[in-house]
Amino acid sequence: MLIKSSSFSSPFILVALLVFVVSCGQTESDPPDGENVNIEKNLPEKNNQAPLEISQAHMMQMPPGQTRAAVYMSIKNIAKEPQFLVQASTEIAGATEIHNTVYEEGMMKMRRVNHLQFNPGDSTNFEPGGLHFMLLDVAEPPGVGESFNLVLELKNHSITVPVEVRAVH
Ligand SMILES: [Cu+2]
């Protein structure tokens, strides 16, 4: 399932993505015709477009008594400029950190990441054994099927991502 998430309403984002595709399909030698010009008049301000496409945002159900959890997702930079993730937060956690998993001396360790760069067109997977959002001090773990919002703070954007809680099989 693909979830396009942002701090804006869904219809707005659909329009923004559509316009993005249209503008990408045009080349210098292929100027827009009259109809396209009319469409472009309705272009939202460029920096209002959500630069990241988020999919598969989820967290596994937390075992009783546990207060930490990892959130996973796939992030694709659909903008033309590099995007910088500097912070994440959610109301259900006392603190949220960006972590990477590293192997040192045969041990798997988590390391905090201060910021991440997403280059145009790149897809980055947050997945077990790799990058993840670490939720700390979760007082009331959400149940299976519920969802909560994780806010991604980029340098120039704030994107609200619905995170789905999945059952551990
Ligand atoms: Cu971690």
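**View 1. Long-range contacts dominate the contact count of this predicted chain.** Among contacts with a separation of 6 or more, 69% join residues 24 or more positions apart. The model is predicted. Its chain holds two helices and ten strands. From the N terminus the order is α-α-β-β-β-β-β-β-β-β-β-β. Of the 169 residues, 20% are buried.

**View 2. Confidence along the chain, with residues 1–47 under a pLDDT of 50.** The average pLDDT of the chain is 80. A score of at least 70 is reached by 72% of the residues. Over residues 1–47, pLDDT stays under 50. For that stretch the model has 35 contacts beyond four places in sequence.

**View 3. The largest nonpolar core, with 24 residues.** Which residues have the most contacts inside this core? They are Leu52, Val71, Met73 and Val161. Several strands supply at least two core residues each: E1, E2 (69–77), E4, E8, E9 and E10.

**View 4. Strand E9 and its pairing with E3 and E10.** E9 covers residues 147–154, and E3 covers residues 83–89. These two strands pair in the antiparallel sense over four bridges. Glutamine 87 stands opposite glutamate 153 of E9. E9 also runs antiparallel to E10, residues 158–166. How many bridges join E9 to E10? There are seven. Within this pair, phenylalanine 148 has valine 163 of E10 as its bridge partner. The link from E9 to E10 is a hairpin through three residues. Both E9 and E10 supply at least two residues of the largest nonpolar core.

**View 5. The hairpin of E4 and E5, with two residues between the strands.** E4 spans residues 93–104, and E5 spans residues 107–112. The strands run antiparallel and are joined by six bridges. Tyrosine 103 has methionine 108 of E5 as its bridge partner. In this hairpin, glutamate 105 takes a positive phi near 50°. Is E5 largely buried or in the open? Of its six residues the number buried is zero, so E5 lies largely in the open. E4, by contrast, is among the strands that supply at least two residues of the largest nonpolar core.

**View 6. Glycine 94 of E4 beside aspartate 137 of E8.** Glycine 94 is in contact with Leu136 and Asp137, leaving aside its neighbours within four places in sequence. Its C-alpha lies 6.3 Å from that of valine 138, although the two are 44 residues apart in sequence. Why does glycine 94 count as exposed? It has 11 C-beta neighbours inside 10 Å, and the cut-off for exposed is 12 or fewer. Aspartate 137 belongs to E8, residues 132–138. Its phi is near 55°, a positive value in a residue other than glycine. Aspartate 137 also counts as exposed, with 11 C-beta neighbours inside 10 Å.

**View 7. Methionine 134, a partly exposed residue in E8.** Methionine 134 has 18 C-beta neighbours inside 10 Å. That count falls between the limits of 12 or fewer for exposed and 20 or more for buried, so methionine 134 is partly exposed. Which residues does methionine 134 touch, not counting those up to four places away in sequence? They are Arg68, Ala70, Thr96, Glu97 and His99. Isoleucine 98 is 36 residues away along the chain. The C-alpha atoms of methionine 134 and isoleucine 98 are separated by 6.1 Å.

**View 8. Glutamine 56, a residue of E1 with a positive phi.** E1 runs over residues 52–60. Phi of glutamine 56 is near 60°, and the residue is not a glycine. Is glutamine 56 exposed or partly exposed? Partly exposed: 15 other C-beta atoms lie within 10 Å.

**View 9. Lysine 80 in the loop between E2 and E3.** Lysine 80 has 12 other C-beta atoms within 10 Å and is exposed. What separates the C-alpha atoms of lysine 80 and asparagine 119 in space? The distance is 8.4 Å, for residues 39 apart along the chain.

Key. Residues numbered from 1 in each chain as written. Predicted model: local features only at pLDDT ≥ 70, side-chain atom pairs only at ≥ 80, totals over all residues. Pairing = 2+ DSSP bridges. Contact = placed C-beta atoms within 7 Å. Core = buried A, V, L, I, M, F, W, Y, C linked by C-beta atoms within 7 Å. pLDDT = per-residue confidence, 0-100.
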